[in-house]
Amino acid sequence: MKKTFLMTMATIATTMATAQGLHYPKAEKDGTVDIYYGTRVADPYRWLENDTSRQTMAWVEAENRVTNEYLSKIPLRKRLLKRMTELSSYEKMSAPVKHNGKWYFSKNSGLQNQSVVYVMDELGGEPRVFLDPNTLSQDGTVALKGIYHSHNGKYAAYTISRSGSDWQEFYVIDLKTGQLTSDHIEWAKFSGAAWLGDGFFYSAYDAPVKGKEFSNMNANHKIYYHKIGTPQSDDVLFYENPAYPKRFYDVTVNEEETMMFLTESGAGAGNNLFVRDLRKKDAQFIQLTSNMDLQYSPIETEGDKFYIYTNDGAPKGRLMVADIRQPGSTNWQEVIGQQQYAIESIDCIDHQFIVTYNQDASSHAYVYTMDGQLRHEVRLPSLGSVYFSGDKKDKECFYTFTSFTQPSTIYLYDINSNESPLYRAPKVAFKMNDFTTEQVFFQSKDGTRIPMFLTYKKGLKRNGKNPVYLYGYGGFNIALGPSFSATRIPFLESGGIYAQVNLRGGSEYGEEWHLAGTKMQKQNVFDDFIGAAEWLISEQYTSKEQLAIVGGSNGGLLVGACMTQRPDLYRVAIPQVGVMDMLRYHKFTIGWNWASDYGTSEDSKEMFEYLHGYSPLHNLKPGTQYPATLVTTADHDDRVVPAHSFKFAATLQACHKGDNPVLIRIDTKAGHGSGKPLAKVLEEQADIYGFIMYNMGMKFK
């Protein structure tokens, strides 16, 4: 074994390809070939899927060495990092939330790696630290994922993740003493805590095979009940469904502890919903729905009634009400019907509903009575994104508003007078009024009208010379709304344009818009993105030499597909934590859950051929000049395993012809992105923007 390792290191150290003075490590090819419906598909870097092998770790080390050396020599990188750090050093707060008579909020004083949770005895009272995640690790890589208060006011359970992994651990705080209890739960995933009495339900998997915690497929999601003060080994298995190992199961309990809801998801774009009457001893779950391509989400309960958001019979969403005594869907009544625009969210505050709609990718909110009568539209500051917080029993209501030029700002909203006095506004070290955002629309390849936001410094000239950072996602029913990013500002200050395009596959216009970018329609998403690039060029905003495309996760797939389909169209490509191997993605962790959007190579010959036709890994062609490319991934990413990026980068370096750098940046003690400490975020963004600006010939201003 030792001899093999030394030979591998020697091979990596001495076999090089050259571009722009770069020497790429050459990855060995192992001759692996798969056969799909009679078609032979080579997978020569299959060994890179073993992320814990010595051979893979040696390759990672060698790649990072090349990348770090390149990035360290970019003249403007240090200045970018300094400016990003300066811009990020402002107080960030969440809206206060009330639990059992006390108010909780999170705050980051500026450059803390993780935000700290505070508690106040009354609104506006003196805050004291409730939980500081920064004390849980020296480097900030332990992140707080959620806090769940017991209904009886005795306890608060909280979940953490380590190094960016999706794996969760539970701990419990005794609210009377403020001290941790002995309770500790491991190997939970995609789970909250649903309290019932002095215990809670949570969802978990069996402990994974040692060494394969971040790559092996996750199957058989189970729900357990944990009684406070007992070890995890005593937890009671509450629900499992061995017939469907590739599904997620989760329960919630209403505040009165009279109803329990069970959701089953993972086999479609939606979920099944079950309800149980907790007032009846030994009551069983009643299945309410049976089509997992449709969405059913419990919103609130009121006596015997429970309210449900669904897109069943309403692709843009509607609100229904049911009675626990006759809960079958045939007895549901419509409260708020489908409107012109798609529903983003529904909140029940002060016994009224605040419904937020997505109107051309911006938030618009309306207040309704509980019987569905429209009262008024919420007067928001401008076009942007809004998030409400409050409780059905309380009159206090807050909303957080953000746009491309306005950081998250908190307003205290009077739901009856429709007034929004400012509660807390951050102070960022840049001149917000020097920048503007416009929304444009263009036609995609098939004539579909696509919206796009452009943010830039006022006075910009459309002369075809402006650098553009084009960002998209286009999948999984997720909308891209306006949002603020401090790390984006130096690029804008230096004359760049931030372009955010709303592609099909998202939820911007409801379920029909989503389905138009899935499975055998996925090419629509790539056509929309390519169309955005071509429109920006034709309208003289930019040129091919000044255009960078960026996207993460499903957006990483987007960038990978577009740079292989049109390598001539962009100067720079940044595929972040992307799904690059469309033939094998479903074999790792929870990749099987993406089949509702993608389909799998095992579904049919037709589906295999379609996936093979755009899979970024399989469409890299030898002798092609690709854009300057920086692939990013992380060693603890168990959402989109790093093997996707590893194999793509190795193949790209073997195929690429020309002087453009094609590199991979592999972060350590980091995951898919959620909970990443601020220090790591700033370093990564300085690398990305530095790479983009350097390869476009931009000057830092």
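The protein chain contains 11 helices and 41 strands. The model is predicted. Along its principal axes, the C-alpha trace spans about 70 × 60 × 50 Å. For a chain of 701 residues, a compact globule would have a radius of gyration near 27 Å, and the 25 Å found for the protein chain agrees with this.

Of the 701 residues in the protein chain, 58% are buried. Among contacts with a separation of 6 or more, 57% join residues 24 or more positions apart. The accessible surface of the protein chain amounts to about 28500 Å², and carbon and sulfur atoms contribute 48% of that surface. The protein chain carries 73 positive and 79 negative side chains. The centres of these two sets of charges are 7 Å apart.

Backbone angles were then considered. Most residues other than glycine have a negative phi. Phe 190 is not a glycine, yet its phi is positive, at about 50°. Phe 190 is located in the loop that runs between strand 13 (179–189) and strand 14 (194–195). Its relative accessibility is 30%, and residues between the limits of 20% and 50% are classed as partly exposed, so Phe 190 falls in that class.

Lys 519 also has a positive phi, near 45°, and is a residue other than glycine. The loop that holds Lys 519 lies between helix 5 (511–515) and helix 6 (523–538). With a relative accessible area of 36%, Lys 519 counts as partly exposed.

Helix 6, which ends the loop of Lys 519, was examined along its length. It consists of 16 residues, and the distance from its first C-alpha to its last is 22 Å. This is close to the 22 Å expected at 1.5 Å a residue. Helix 6 is largely enclosed by the rest of the structure, because 12 of its 16 residues are buried. The buried residues of helix 6 include Val 525, Phe 526, Phe 529, Ile 530, Trp 535 and Leu 536. Asn 524, Asp 527 and Asp 528 are also among the buried residues of this helix, as are Gly 531, Ala 532 and Ala 533. Just after helix 6, Gln 540 takes a positive phi of about 65°. Positive phi values are thus found at Lys 519, in the loop between helix 5 and helix 6, and at Gln 540, just after helix 6.

Definitions and conventions. Residues numbered from 1 in each chain as written. Predicted model: local features only at pLDDT ≥ 70, side-chain atom pairs only at ≥ 80, totals over all residues. Heavy atoms only, no water. Helix = DSSP H or I, 4+ residues; strand = E, 2+ residues; numbered from the N terminus. Rg over C-alpha atoms; globule rule 2.2 N^0.38 Å. Buried < 20%, exposed > 50% of the residue type's maximum accessible area, 1.4 Å probe, protein only. Contact = heavy atoms within 4.5 Å. Areas by Shrake-Rupley, 256 points an atom, 1.4 Å probe, with all protein chains shown as cover. Lys, Arg positive; Asp, Glu negative; His and termini not counted. Charge placed at Lys NZ, Arg CZ, Asp CG, Glu CD. Expected span 1.5 Å × (residues − 1).
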